[in-house]
Amino acid sequence: WGRRPRQPSRAYSRETGVDLVALLSSFAVSVHAPDADLARRVAALAAWPEVSLADRFAAATAEHLRGRLYTTDGILATAARRHGLACTLL
């Protein structure tokens, strides 16, 4: 209560001076900021009760970008495949 949420990436950037967004961008990783339409899609994925909110954002983003979802989470991969989303479990 009254505790601030952990933000390890901000702490890492502050302590090391490394801009993580710039670092990820250098590896051709795109950073996607969700908008209202994506948030609505995430809400629709609430029908995936076994999947976390963060994982639903990942799935909705992959759908929105018409891309493949890559994950190490077996539960997410199973749910994604069950709902027709192209997914690779690493």
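Where is R66 found? R66 sits in the loop between α4 and β1, and the views below circle around that part of a predicted model.

**A few ground rules.** Residues are counted from 1 along each chain as its sequence is written, and because the model is predicted, local features need pLDDT of at least 70, side-chain atom pairs count only at pLDDT 80 or more, and totals for chains, interfaces and linings use all residues. Side-chain values rest on heavy atoms, leaving out hydrogens and water.

**View 1. The whole protein comes to five helices and two strands.** Starting at the N terminus, the order is α-α-α-α-β-α-β. Helices here are DSSP runs of H or I with at least four residues, strands are runs of E with at least two, and both are numbered from the N terminus. Of the 90 residues, 21% are buried; buried means under 20% relative accessible area, exposed means over 50%, and partly exposed lies in between (1.4 Å probe, protein chains only). Among contacts with a separation of 6 or more, 21% join residues 24 or more positions apart, where contact means heavy atoms within 4.5 Å.

**View 2. Helix α4 runs over residues 53-64.** Its twelve residues should span 16 Å at 1.5 Å a residue, and the end C-alpha atoms are indeed 16 Å apart. That expected span is 1.5 Å times one less than the number of residues. The buried residues of α4 are D55, R56, A59, A60, T61 and A62, and they pack against α3 (36-44), β1 and α5 (74-82).

**View 3. Zoom in on A60 and T61 in helix α4.** A60 counts as buried because its relative accessible area is 1%. Setting aside residues up to four places away in sequence, A60 touches L38, R41, V42 and L45. A60 and A44 are 16 residues apart in sequence, with 9.3 Å from C-alpha to C-alpha. T61 is buried too, at 17% relative accessibility. Leaving out neighbours within four places in sequence, T61 is in contact with H32 and L38.

**View 4. Just after α4 comes R66, with a positive phi.** The angle is about 55°, although R66 is not a glycine. Is R66 buried or exposed? R66 counts as exposed, because its relative accessibility is 77%.

**View 5. The largest nonpolar core has 15 residues.** Such a core is a set of buried Ala, Val, Leu, Ile, Met, Phe, Trp, Tyr and Cys residues joined through side-chain atoms within 4.5 Å. W48, A59, L69, A80 and L85 touch the most other members. Two or more residues come from each of α3, α4 and α5, and α5 gives the largest share, four residues. Leaving out residues up to four places away in sequence, L69 touches A58, A59, A62, L76, A80, L85, A86, C87 and T88.

**View 6. The largest pocket holds about 190 Å³ of space.** On a 1 Å grid over the protein atoms alone, a pocket is an open set of points where a 1.4 Å probe fits, with protein on both sides within 12 Å along at least five of seven lines; lining residues have an atom within 4 Å of a point. Grid points are joined across faces, edges and corners, and the volume is the space filled by probe spheres set on them. The lining includes A58, T61, R68, L69 and Y70, and α4 and β1 (69-71) each supply at least two of its residues.
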